[in-house]
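Me: I have a model open and want the labels explained, with the value and the cut-off behind each one.

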Amino acid sequence: MDISDNFWNASLEELKRGYIQESDSYICLLCGEKIEKGIIYHHDETFYEAERYMRIHIENAHQSVFDYLIGLDKKLTGLTDHQNHLLRLFYQGKSDKEVQAEMGIGSTSTIRHHRFALKEKERQAKTFLAIMELLKEKDQHAPAFVPPHKTAKMVDDRYAVTEEEQKEITKKFLPEGINGRLKKFPPKEKQRLIILREITGRFEKDRIYPEKEINQILETIYDDYVLIRRYLIEYGFLERKSDGSQYWLKK
């Protein structure tokens with residue numbers, strides 16, 4: 001199960017704390033980092049048990065779960081840029097007067113109105129979540145959709161991919177298996193998304209690749225490796241330095 005699967009399958013409480021617990025480890029929902037149980041970890045001249053060390057990892061690597069979640073694409077959070085900015089300021093503990101002064105909008109009553117609107121959005125989200133949970137118990141015909149990767153830059157109809165579609169398209173364009181060569185580059189965006197997701201499995205998490213190595217890996221998949229590299233970045237699978245000298249999987 002990849003990072004996105006763990007993330008989307010997590011409960012609300014697990015998402016809030018940023019990690020899940022397995023029999024032998026704790027796994028960060030934000031980047032996939034695994035902390036083994038039964039091991040004492042050292043940090044800043046202090047020793048920590050596994051779960052406490054996972055919380056330290058989240059703080060050091062992601063600042064906070066809130067910061068990570070609110071930094072996701074607006075298609076995943078459902079927030080406008082304006083709402084996003086407001087929530088960041090509220091999370092910093094700023095008063096309505098301070099928020100109004102920083103944003104330069106209306107008055108403190110305007111900020112209170114925005115707070116009310118956000119609470120209304122929360123109530124709607126809870127209601128909708130309950131509806132969808134109840135629907136799962138009755139809808140016998142709902143297809144199993146593949147969840148979008150968290151680093152997707154723009155979530156739209158391209159991401160409406162069922163597990164059955166993913167298997168069919170993967171077999172069509174990677175007939176030798178997920179570790180084989182690409183038969184041809186998919187002409188449709190949904191197909192590209194599926195194949196690019198499979199290609200990311202060729203790269204190691206938390207590893208920095210020089211441009212030459214990234215090109216060599218992609219060339220074993222498809223002759224036009226520059227095309228594949230560009231789409232991996234465009235779809236939010238890979239990140240790179242501005243000068244193109246280094247590449248890595250986005251978390």
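The turns below take the labels one after another.

Reply: This is a predicted model, in which local features need pLDDT of at least 70, side-chain atom pairs count only at pLDDT 80 or more, and totals for chains, interfaces and linings use all residues. Residues are numbered from 1 along each chain as its sequence is written, and side-chain values use heavy atoms, with hydrogens and water left out.

Me: What makes a segment a helix or a strand, and how many of each does the protein have?
Reply: Helices are DSSP runs of H or I with at least four residues, strands are runs of E with at least two, and both are numbered from the N terminus. By that rule the protein has 12 helices and eight strands. Its C-alpha atoms fill a box of roughly 60 × 50 × 45 Å along the principal axes.

Me: Why is Y41 called buried or exposed?
Reply: Buried means under 20% relative accessible area, exposed means over 50%, and partly exposed lies in between, with a 1.4 Å probe and protein chains only. Y41 has a relative accessible area of 16%, so Y41 is buried. Across the protein, 38% of the 251 residues count as buried.

Me: What makes Y41 and Y53 an aromatic pair, and of which kind?
Reply: Rings of Phe, Tyr and Trp (its six-membered ring) pair if their centres lie within 6.5 Å; planes under 30 degrees apart count as stacked, over 60 as edge-to-face and the rest as tilted. A search of the whole structure finds eight aromatic pairs. In one of them, Y41 and Y53 are 4.6 Å apart centre to centre with 10° between the planes, and the pair is stacked. This pair links distant parts of the chain, with Y41 in strand β4 (residues 41–43) and Y53 in helix α3 (residues 50–62), 12 residues apart.

Me: Which kind of pair do F185 and Y231 form?
Reply: F185 and Y231 form a tilted pair, at 5.1 Å centre to centre and 40° between the planes. F185 is in the loop between α9 (163–173) and α10 (189–199), and Y231 is in helix α12 (residues 225–234), 46 residues along the chain from F185. Both F185 and Y231 are buried. With Y222 and Y235, they form one aromatic cluster.

Me: How do you know that K37 lies over the face of Y26?
Reply: A charge sits over a ring if NZ of Lys or CZ of Arg is within 6 Å of the ring centre and within 35 degrees of the ring normal. K37 is 5.2 Å from the ring centre of Y26 and lies over its face. R123 lies over the face of F116, at 5.7 Å from the ring centre.

Me: Where is H57, and why is it called buried or exposed?
Reply: H57 is in helix α3. At 15% relative accessibility, H57 falls on the buried side of the cut-off, so it counts as buried.

Me: What is H57 in contact with?
Reply: Contact means heavy atoms within 4.5 Å. Leaving aside neighbours within four places in sequence, H57 is in contact with C28, C31, E33 and H62.

Me: Which residues of helix α6 are buried, and what covers them?
Reply: The buried residues of α6 (residues 81–91) are N84, L86, L89 and F90. Their cover includes α4 (65–70), α7 (96–103) and α8 (108–138). Just after α6, G93 takes a positive phi of about 85°.

Me: What makes the phi of E45 worth a remark?
Reply: Most residues other than glycine have a negative phi. The phi of E45 is near 65°, a positive value in a residue other than glycine. E45 is found in the loop between β4 and β5 (46–48). Its relative accessibility is 74%, so E45 counts as exposed.

Me: What is the phi of Q63, and why is Q63 called buried or exposed?
Reply: Q63 has a positive phi of about 75° although it is not a glycine. Q63 lies in the loop between α3 and α4. At 57% relative accessibility, Q63 counts as exposed.

Me: Why is R230 given the label it has?
Reply: R230 is found in helix α12. Its relative accessibility is 45%, so R230 counts as partly exposed.
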